[in-house]
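Student: Please take one part of this model and go through it closely. I would like to see how that part relates to the strands and helices around it.

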Amino acid sequence: MDKLSIGILGSTGSIGQSTLEVIKNLKRNNIQVEVKFLTTFGNIERIRTQVLEFLPEYVHISDKEKFNEFLGFKLPYKLKVLTGQDELLKLVSEVEYDKLIVAVVGFNALTPTIEAIKSGKKIGLANKETLVVAGKIINELIKNHKTEIIPIDSEHSAIFQCIIGEDRNKISKIILTASGGPFRNKTIDEIKDATIKDALAHPNWNMGNKITIDSATMMNKGLEVIEAKWIFNLKLEQIEVLIHPQSIIHSLVEFIDGSVKAQLGIPNMKIPIQYAITYPERIASDFPRINFLENNVLTFEKPDREKFECLELAYHSIREGGTYPVVLNAANEVAVEMFLNKKIKFLDISKLIKIALENHKPIMNYEIEHIYEVDKKTREFIFNLF
Ligand code: MN3
């Protein structure tokens with residue numbers, strides 16, 4: 001590999017910024033990486049800095065006001081600045097580049113990811129919600145359009161790396177590791193009145209707000225179970241979750257002969273991001289290394305399914321199937337936002353999701369339109385409860 005062209009969906013968020021750091025590392029290793037486009041919701045200050053450093057051909061800004069404001073910036077070259085959903089979809093599908101890094105959080109990644117797959121683009125996927133709501137459909141599209149998804153989520157990257165060269169039918173199970181988040185050692189009573197600050201205090205990983213709250217409720221791991229089911233084509237019974245507070249083992253695969261493979265590393269997203277960009281090649285990096293004499297305690301615990309009800313609800317939704325995971329995801333997105341806006345308490349997040357699931361009439365043979373419909377209805381259902 002010596003040349004590569006990349007588009008980043010959501011370059012100003014946590015994964016997007018790390019992706020640009022990875023690109024700098026690749027350039028230091030004499031790989032010519034062209035950044036074709038960058039997108040942001042509305043962080044125009046940060047995207048301006050990124051534009052000046054990486055000189056993309058296009059920038060897309062979703063927020064109309066911020067877009068207009070950005071047009072007033074003086075830039076040293078003729079940058080194409082876009083806004084609006086249609087322009088975004090044209091950008092990811094009609095422009096020529098090799099790989100789309102989907103670094104945005106939430107349901108909104110679904111449509112552009114589908115458009116990129118339909119135009120045969122390879123996807124480096126950090127977004128989990130896309131596979132949670134539409135894994136079945138995405139898998140069909142990947143097959144039909146002869147392209148591939150390389151997972152960026154650290155657990156899925158770990159499993160992906162462990163099964164290279166293996167026969168997938170010889171996997172007996174996978175074990176997704178979870179840090180347990182900030183409330184691992186707290187009782188239900190203690191987390192009842194948890195503040196936003198408590199919930200955002202993740203012990204190991206530095207991530208965006210939505211995913212950090214998802215880690216505190218362990219919905220993050222629930223979403224990852226569903227994500228893993230679709231990426232690796234596994235039965236639900238083959239996916240186990242173990243708490244591993246040190247976050248050094250990123251996940252494990254057990255094979256039918258009893259042999260277990262794991263992928264390890266310091267908790268730092270640059271490693272899985274770079275692997276997703278350069279796969280199947282590995283390129284040198286100066287990212288932090290594990291020192292086994294310092295990181296010499298690796299422990300495991302069973303997750304408390306009562307305290308972390310969200311994990312249970314995620315298993316429930318995918319076991320029941322149909323459009324239940326769409327409801328799980330939509331209700332969770334709305335509830336997390338309400339918690340961050342101090343409208344509800346921490347434990348209300350799982351309560352709202354449970355109510356939404358209980359009130360849902362599932363569509364078992366769903367098409368893509370049903371996903372949008374159920375997502376919208378679920379959001380309205382939760383808003384109407386208040
Ligand atoms: Mn993860």
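**Phe308 and the four-stranded sheet**

Tutor: Phe308 counts as buried because its relative accessible area is 3%, below the 20% limit used for that term. Keep in mind that the model is predicted. Phe308 sits in the loop between H12 and H13. Leaving aside residues up to four places away in sequence, Phe308 touches Gly180, Phe183, Arg184, Ala216, Thr217 and Met218. Ile363 is 55 residues from Phe308 along the chain, and the C-alpha atoms of the two are 27 Å apart.

The loop that holds Phe308 also contains Leu298, between helix H12 (270-278) and helix H13 (309-320). Leu298 is classed as partly exposed because its relative accessibility is 31%. Together with Leu264, Phe292 and Phe300, Leu298 makes a nonpolar surface patch of about 340 Å².

Now the strands. One open sheet has four of them, in the order E9-E8-E10-E11, with mixed pairing. Strand E9 (239-243) and strand E11 (260-264) are at the edges with a single partner strand each, so each has one side without a neighbour in the sheet. From one strand to the next, the twist averages 20°. Within this sheet, strand E8 (residues 171-178) and strand E10 (residues 249-255) run antiparallel and are joined by five bridges. Lys173 has Glu254 in E10 as its bridge partner. Helix H7 (residues 154-162) packs on the sheet and touches E8, E10 and E11, its direction making about 40° with that of E10. Helix H11 (residues 219-232) lies across E8 and E9 and runs at about 155° to E8.

There is also an open sheet of seven strands, ordered E4-E3-E2-E1-E5-E6-E7, with parallel pairing. Strand E4 (80-82) and strand E7 (149-151) are its edge strands, and each pairs on one side only. With direction ignored, neighbouring strands of this sheet are turned by 20° against each other on average. Inside it, strand E5 (residues 99-102) pairs with strand E6 (residues 122-125) in the parallel sense, over four bridges. Leu100 has Ile123 in E6 as its bridge partner.

To return to the loop between H12 and H13, Phe308 is buried, whereas Leu298 is partly exposed.

Notes. Residues are numbered from 1 along each chain as its sequence is written. This is a predicted model: local features need pLDDT of at least 70, side-chain atom pairs count only at pLDDT 80 or more; totals for chains, interfaces and linings use all residues. Side-chain values use heavy atoms; hydrogens and water are left out. Patches are made of residues with over 30% relative accessible area and no salt bridge: like charges are joined within 9 Å, nonpolar side chains (Val, Leu, Ile, Met, Phe, Trp, Tyr) within 5 Å. Accessible areas come from the Shrake-Rupley method with a 1.4 Å probe; for residues, only the protein chains shown count as cover. A salt bridge is a side-chain nitrogen of Lys or Arg within 4 Å of a carboxyl oxygen of Asp or Glu. Helices (H or I, at least four residues) and strands (E, at least two) are DSSP runs, numbered from the N terminus. Buried means under 20% relative accessible area, exposed over 50%, partly exposed in between (1.4 Å probe, protein chains only). Two strands pair if DSSP finds at least two bridges between them. Axes are lines fitted to C-alpha atoms, for helices over the stretch in contact, and angles run from 0 to 180 degrees between N-to-C directions. Contact means heavy atoms within 4.5 Å.
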